[in-house]
Amino acid sequence: MAWVFLAVAIVFEIAFALGTNATKGFTRLWPSVFTLLAAAGGIFTLSQALRTLDVGVGYTIWTGIGSIGTVVFGAVLYKEKITLPKVLSFAAIIAGAVTLKLAAGA
């Protein structure tokens with residue numbers, strides 16, 4: 001169940017990051033409300049996941065996969081470019097998260 005909570009927390013993290021851009025500095029009401037709710041949802045579901053998962057593993061996966069999702073959806077929604085250095089960084093984040101999970105299980 002912890003992994004389900006973590007997956008939901010990642011979705012909230014991506015929504016929070018993308019929503020923050022849409023608030024235009026928290027000057028737009030509904031994007032701001034959405035962003036604050038996404039932040040609260042992400043923190044709550046992450047806290048539920050961390051009841052079982054090691055904090056180092058859970059938090060790293062939450063931020064890492066959330067970052068990747070934010071860049072991918074930022075490219076789709078905001079027409080941001082995905083460059084080779086970004087792709088290599090994604091690979092490093094994924095490799096680090098997998099290594100942390102394997103190390104935690106050892």
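Which helix supplies the largest share of the nonpolar patch? Keep that in mind, everyone, and we will come back to it shortly.

First, some ground rules. What you see is a predicted model, where local features need pLDDT of at least 70 and side-chain atom pairs count only at pLDDT 80 or more, while totals for chains, interfaces and linings use all residues. Residues are numbered from 1 along each chain as its sequence is written, and side-chain values use heavy atoms, with hydrogens and water left out.

Now the overall picture. The protein has four helices and zero strands, giving the pattern α-α-α-α along the sequence. Helices here are DSSP runs of H or I with at least four residues, strands are runs of E with at least two, and numbering starts from the N terminus. Taken along the principal axes, the C-alpha atoms fill a box of roughly 45 × 35 × 15 Å. Of the 106 residues, 33% are buried. Buried means under 20% relative accessible area, exposed means over 50%, and partly exposed is in between, using a 1.4 Å probe and protein chains only. If we take contacts (heavy atoms within 4.5 Å) between residues at least 6 apart in sequence, 63% of them join residues at least 24 apart. The protein exposes about 6500 Å², and carbon and sulfur atoms supply 75% of that area. Accessible areas come from the Shrake-Rupley method with a 1.4 Å probe, and for residues only the protein chains shown count as cover.

Let's walk along the chain, starting with helix α1, residues 2–22. Its 21 residues should span 30 Å at 1.5 Å a residue, and the end C-alpha atoms are indeed 30 Å apart. The expected span, by the way, is 1.5 Å times one less than the number of residues. Among the buried residues of α1 are L6, I10, I14 and L18. Please find those on your screen and look at spacing. An α-helix has 3.6 residues a turn, so residues three or four places apart point the same way. And what do the buried residues of α1 pack against? They pack against α2 (29–49) and α3 (55–78).

After α1 comes K24, with a positive phi near 55°. In the loop between α1 and α2 you will also meet F26. Its phi is near 60°, a positive value in a residue other than glycine. F26 is partly exposed, with a relative accessible area of 43%.

On to α2. This helix has 21 residues and reaches 30 Å from first C-alpha to last, close to the 30 Å expected at 1.5 Å a residue. Its buried residues include P31, T35, A38, G41, G42 and L46, and the buried residues of α2 pack against α1 and α3. One α2 residue to pick out is S47, which is partly exposed at 34% relative accessible area. The C-alpha atoms of S47 and Y59 are separated by 9.6 Å, with their positions 12 residues apart along the chain.

That brings us to Y59 itself. How many aromatic pairs does the structure hold? The structure holds one. It is formed by Y59 and W62, and it is tilted, at 5.6 Å centre to centre with 55° between the planes. For such a pair, the ring centres of Phe, Tyr or Trp (its six-membered ring) lie within 6.5 Å; planes under 30 degrees apart count as stacked, over 60 as edge-to-face, and the rest as tilted. Both residues lie in helix α3, three residues apart, about one turn of the helix. Is each partner buried or exposed? Y59 is partly exposed, with a relative accessible area of 43%, whereas W62 counts as buried at 9%.

Now, back to the opening question. The largest share of the nonpolar patch, five residues, comes from α3. The patch covers about 820 Å² and is made by V72, F73, V76, L77, Y78, I82, L84, V87 and L88. Both α3 and α4 (84–105) supply at least two residues each. Patch residues have over 30% relative accessible area and no salt bridge, with like charges joined within 9 Å and nonpolar side chains (Val, Leu, Ile, Met, Phe, Trp, Tyr) within 5 Å. A salt bridge is a side-chain nitrogen of Lys or Arg within 4 Å of a carboxyl oxygen of Asp or Glu.

One patch member, I82, is found in the loop between α3 and α4, and I82 is partly exposed at 41% relative accessible area. K79 has its place in that loop too. K79 is exposed, with a relative accessible area of 68%, and its phi is positive, near 60°.

Thanks for listening, everyone!
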